[in-house]
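Here are a few exercises to work through with the structure open beside you. Try each task before you read its solution.

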Amino acid sequence: SYTINPVQGYSTTSSGSVTVSGGDKQVGVAWTQATYQITFTETGLDPGTSWTVTLAGTPQSSTVSTISFSKPDGTYDYTISPVSGYTLSSYSSQVTVSGGPANVQVSWSKVQYTITFTETGLPAGTPWSVVIGGSSQPSSTQTIAVNVPDGSYPYTVNSVSGYSASPSSGTVDVSG
């Protein structure tokens with residue numbers, strides 16, 4: 001009987017037996033490089049949104065929150081492909097595998113666009129406000145700016161004593 005001691009980063013049959021009968025015996029030991037899981041986990045994308053990671057030149061896409069690769073010890077370059085309507089703080093980096101699995105968090109944010117309401121006709125410094133997305137946005141200047149992702153936003157201009165707004169309500173569609 002024999003036992004083969006482990007070597008980090010490689011695997012082989014760990015034990016066996018050999019029968020010696022009247023001569024030398026040779027036992028071949030085949031080593032394979034151990035691989036470990038590299039898992040990219042995304043947050044922030046709407047369910048079912050396709051996203052792609054390219055690790056060491058190999059792309060993989062998914063419509064679920066994880067993408068996994070199997071690689072031996074080493075440091076690997078990766079890139080994440082842009083997704084329309086979303087942004088990342090960084091689209092490329094490196095991940096290191098060292099004797100075990102590696103995890104990379106990918107945090108998407110929806111791209112924000114500015115809706116600007118500009119009033120005319122009020123005396124300078126008069127407070128006025130717009131309700132958009134269920135939230136009142138007050139101002140005492142000529143403009144109110146609201147940052148929102150793509151979508152459809154109903155709004156209402158709150159009344160100011162002695163003045164009427166035109167239009168006093170409506171919907172703003174934001175699409176890229």
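The exercises below deal with a predicted model and go from cores to rings, a pocket and two single residues.

**Exercise 1. Find the largest nonpolar core and say which elements build it.**

Step 1. Start with the membership: the largest nonpolar core has 22 residues, and Ile38, Phe40, Trp51 and Trp108 have the most contacts inside it.

Step 2. Now map that core onto the strands. Two or more residues each come from E5 (36–43), E6 (51–55), E8 (66–71), E9 (74–80), E11 (92–97) and E12 (102–107).

Step 3. Look for a second core. There is another one apart from the largest, with 14 residues, including Val130, Ile144, Val160 and Val174.

**Exercise 2. Work out what surrounds Phe40, and whether Phe40 is buried or exposed.**

Step 1. Check the accessibility: Phe40 has a relative accessible area of 0%. The cut-off for buried is under 20%, so Phe40 is buried.

Step 2. List the neighbours, skipping residues up to four places away in sequence. Phe40 touches Trp51, Val53, Leu55, Ser65, Thr66, Ile67, Phe69, Tyr78, Val104 and Val106.

**Exercise 3. Classify two of the aromatic pairs, and say what each one ties together.**

Step 1. Get the total: the structure holds five aromatic pairs.

Step 2. Take Phe40 and Tyr78. Their rings sit 5.0 Å apart centre to centre with 75° between the planes, and the pair is edge-to-face.

Step 3. Place both rings. Phe40 is in strand E5 and Tyr78 in strand E9, so this pair links parts 38 residues apart in sequence. Tyr78 is buried too, at 11% relative accessible area.

Step 4. Repeat for Tyr91 and Trp108. Here the ring centres are 6.4 Å apart and the planes are at 70°, which means edge-to-face again.

Step 5. Place these two as well. Tyr91 sits in the loop between strand E10 (86–87) and E11, and Trp108 in the loop between E12 and strand E13 (109–110), so the pair ties together parts 17 residues apart in sequence.

Step 6. Compare the burial of the partners: Tyr91 is partly exposed at 28% relative accessibility, whereas Trp108 is buried at 5%.

Step 7. Finish with the grouping: Phe40, Phe69 and Tyr78 form one aromatic cluster.

**Exercise 4. Describe the largest pocket and its lining.**

Step 1. Its volume is about 340 Å³.

Step 2. The lining has 18 residues, and Glu119, Trp128, Val157, Ala165 and Ser166 are the closest to the centre of the pocket.

Step 3. Sort the lining by class and you get 10 nonpolar, seven polar and one charged.

Step 4. For the strands, look at E14 (113–118), E15 (128–132) and E18 (151–157), since each gives at least two lining residues.

**Exercise 5. Give the setting of Pro154 and of Ser93.**

Step 1. Pro154 is in strand E18. This residue is exposed, with 53% relative accessible area.

Step 2. Leaving out neighbours within four places in sequence, Pro154 contacts Val131, Ile132, Gly133, Gly170 and Thr171. From Pro154 to Pro82 the C-alpha to C-alpha distance is 29 Å, with their positions 72 residues apart in sequence.

Step 3. Turn to Ser93, in strand E11. Its relative accessible area is 39%, and Ser93 counts as partly exposed.

Step 4. With the same sequence neighbours left out, Ser93 is in contact with Tyr76, Asp77 and Tyr78. Ser93 and Thr79 are 14 residues apart in sequence, and their C-alpha atoms are 6.7 Å apart.

Methods:
Residues numbered from 1 in each chain as written. Predicted model: local features only at pLDDT ≥ 70, side-chain atom pairs only at ≥ 80, totals over all residues. Heavy atoms only, no water. Core = buried A, V, L, I, M, F, W, Y, C linked by side-chain atoms within 4.5 Å. Buried < 20%, exposed > 50% of the residue type's maximum accessible area, 1.4 Å probe, protein only. Helix = DSSP H or I, 4+ residues; strand = E, 2+ residues; numbered from the N terminus. Contact = heavy atoms within 4.5 Å. Phe/Tyr/Trp six-rings, centres within 6.5 Å; stacked < 30°, edge-to-face > 60°. 1 Å grid on protein atoms, 1.4 Å probe; cavity = no way out; pocket = protein on both sides within 12 Å on 5 of 7 lines; lining within 4 Å. Points joined across faces, edges and corners; volume = space filled by probe spheres on them. Nonpolar A, V, L, I, M, F, W, Y, C, P; charged D, E, K, R; others polar.
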